[in-house]
Amino acid sequence: MDWFAAPDHWLSRLLVQRLLAGLYLIGFLAAAAQFRALIGSDGMLPVPRFTARVPFRHAPGLFHLHYSDRFFAAVAWSGAALAAAVTAGLGDAVPLWASVLLWAVLWGLYLSIVNVGQTWYSFGWESLLLEAGFLAAFLGNADTAPPTLVLWLMRWLVFRVEFGAGLIKLRGDRCWRDLTCLRYHHETQPMPGPLSWFFHHLPDPLHRVEVAANHFVQLVVPVGLLLPQPVASYAACAVVATQLWLIASGNFAWLNWLTITLALAAVDPARVGLPVHARVHPAAPVWFEALVIALTAAVAVLSYWPVRNLVSRRQAMNRSFNRLHLVNTYGAFGSISRIRQEVVVEGTDEPTLTPHTVWHEYGFKGKPGDVRRLPRQYAPYHLRLDWLMWFAGISPAYARPWFLPFVARLLAGDPATLRLLRHNPFPGTPPTHVRATLYLYRFTSWRELRETGAWWHRTALHEYLAPVDLASLGRAGYRPPLGRRLRAVPLDRPRRPGARPGAPPARPARPDGHGPQYPSGPTSHHPCGPPG
């Protein structure tokens, strides 16, 4: 079937698969490095407790069959090794059937992690990585030309990512319509990068240009992705340029890099001036053609739900409509925060608290803390605790499943939790008490930066969590650790900012797009995610 193959796109296929495998490698490495404190057996949201209440059919994966921290580590490190091998070219060195199987294994291993990751894995880029990896299995390898249908399916995926993000903005915060959102976004985004301070201080007319350009790239350019060449190639280049701008302006895990990777599927190298030599490929096996046609039919059917969501006035952001995270809907930052509230966590080693007690601050790797520390670039690596701390600053109710367990682990000196932090002020003995204070953060001005060397200015707002020790957490229903190892901590009701354990519950904040909804299953995602 001559229409089936696109031999001129062999370079696009090569780049998409190698870059995508590299992003899978980052995803598995992040899982291996962070899971013990977040979802391990003694973690803040333990997998065994999750699988005990959520059946396999609602969250399919390996960990419903068996879970131990050692088994999870084996899965994560095996996925990382396999992803590294595919990045290095293993998929092109094996027969076509083996290449398809390699991608299927990568997808299945990461699906198993995402489906038990709970709040820590409830971001839209997790589903995007899974959907992209599933499609990549059908791109073929060096033995066959990339199928035209799969290249179109990747274009359709980029269309949904960009167009969904554009629509949610027009339907959401008024500042997107009056072109003022970027007066605030660079300062209030979940995790600013090293250039965010400079982006924030761009002249207001340039901020308006940024928003207008964003609307054009997300609402007009995506249509070009679905048009014939060379329009599709030019549209893909526009998407790539916009994503590079977003990469420079903040930390959004691998979302932007993944969108760039997928956009390359729409690029015809010859149309953009790349000297690519034609390759002669043998005809694809009949079984492979049948699989690709079946995949295309399945995506067409499953597209009903994201299309219906796109045209709905009550458009949802970042939603999976099936438990395999295939053919999802995407969108981000329908609402923009005008102020930045940060939770600062401190501890003391004094046995008795007095008005003169000295408190020492815990330092996070990516989350703003020390006002003189320039924000770092971590993307495409994903610091999951730091991201959730941003939501904790917006509303204590959003943090209720994991924040007190996090505090308990600081009090216990839990090594896995401390490895997630940049600075532990108690390297020898754990603190006797921990507290949290809510601060208002803003970027300093050029003059303030020159005079003080500080990138941030912060003002204390109120007590977020009154000082607690392990005994008070135990009286409130939290099980104290055995020695310095903390067992699984049961959930408790939310508390008012500054309330001691046992105080009346806080009134939940309205899920209006500023923070995560509580996952009712593996297909729920934060309605607020990165732009684009």
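1. A good place to start is how the chain connects to itself. Among contacts between residues at least 6 apart in sequence, 76% join residues at least 24 apart. Please keep in mind while reading that this is a predicted model. The protein chain holds 21 helices and 6 strands.

2. Next, burial and surface for the chain as a whole. Of its 532 residues, 59% count as buried. The accessible surface comes to about 21000 Å², and carbon and sulfur atoms account for 63% of that area.

3. You may like to look at the pair α7 and α11. Helix α7 covers residues 148–171 and helix α11 covers residues 204–219. Their axes are 7 Å apart, and the packing angle is about 130°. The two helices are therefore oblique to each other, since an angle of that kind falls outside the parallel, antiparallel and perpendicular ranges. The crossing of α7 and α11 is left-handed. On the α7 side, the contact is made by E162, F163, A165, G166, L167, K169 and L170; on the α11 side, N214, H215, V217, Q218 and L219 take part. Sorted by class, the contact of α7 with α11 has 6 nonpolar, 4 polar and 2 charged residues.

4. A second helix pair is worth setting beside that one. Helix α13 (residues 231–249) and helix α14 (residues 255–263) have axes that come within 9 Å and cross at roughly 165°. Angles over 145 degrees count as roughly antiparallel, and α13 and α14 are therefore roughly antiparallel to each other. Here, α13 passes α14 in a left-handed crossing. From α13, the residues that meet α14 are A236, V239, V240, Q243, L244, L246 and I247; their partners in α14 are N256, W257, T259, I260 and A263. By class, the contact of α13 with α14 has 9 nonpolar and 3 polar residues, with no charged ones.

5. Helix α17 deserves a moment too. This helix spans residues 384–394, and 10 of its 11 residues are buried, so α17 is largely enclosed by the rest of the structure. The buried residues are R384, L385, D386, W387, L388, M389, W390, F391, A392 and G393. If you are scanning this stretch by side chain, note that R384 and D386 are on that buried list, along with W387 and W390.

6. Two single residues make handy landmarks in the model. S196 sits in helix α10, residues 196–200. S196 has a relative accessible area of 0% and is buried. Leaving aside its neighbours within four places in sequence, S196 is in contact with H186, Q189, S249, G250 and F443.

7. The other landmark is I113, placed in helix α5 (residues 96–114). I113 counts as buried, at 0% relative accessibility. With neighbours within four places in sequence left out, I113 is in contact with F28, A31, F63, F72, V75, A76 and Y121. For one of these partners, F63, there is also a distance: I113 and F63 are 50 residues apart in sequence, and their C-alpha atoms are 8.0 Å apart.

8. Now for the backbone, where two cis peptide bonds may interest you. One joins Q229 and P230, with omega of about 5°. P230 belongs to the loop between α12 (221–225) and α13. Another cis bond runs from A379 to P380, and its omega is near 15°. P380 lies in the loop between β3 (363–364) and α17. When preparing the model, you will find these proline residues in the loops leading to α13 and to α17.

9. Last, a pair of unusual phi values. H325 has a phi near 60°, a positive value in a residue other than glycine. Its place is the loop between α16 (304–311) and β1 (340–348). H325 has a relative accessible area of 0%, and counts as buried. V327 is found in the loop between α16 and β1 as well, and its phi, near 55°, is again positive in a residue other than glycine. V327 is buried, with a relative accessible area of 3%.

Notes. Residues numbered from 1 in each chain as written. Predicted model: local features only at pLDDT ≥ 70, side-chain atom pairs only at ≥ 80, totals over all residues. Heavy atoms only, no water. Helix = DSSP H or I, 4+ residues; strand = E, 2+ residues; numbered from the N terminus. Buried < 20%, exposed > 50% of the residue type's maximum accessible area, 1.4 Å probe, protein only. Contact = heavy atoms within 4.5 Å. Areas by Shrake-Rupley, 256 points an atom, 1.4 Å probe, with all protein chains shown as cover. Axes fitted to C-alpha atoms, helices over the stretch in contact; angles between N-to-C directions. Parallel < 35°, antiparallel > 145°, perpendicular 65-115°, else oblique. Left-handed = near helix turned anticlockwise from the far one by under 90°. Nonpolar A, V, L, I, M, F, W, Y, C, P; charged D, E, K, R; others polar.
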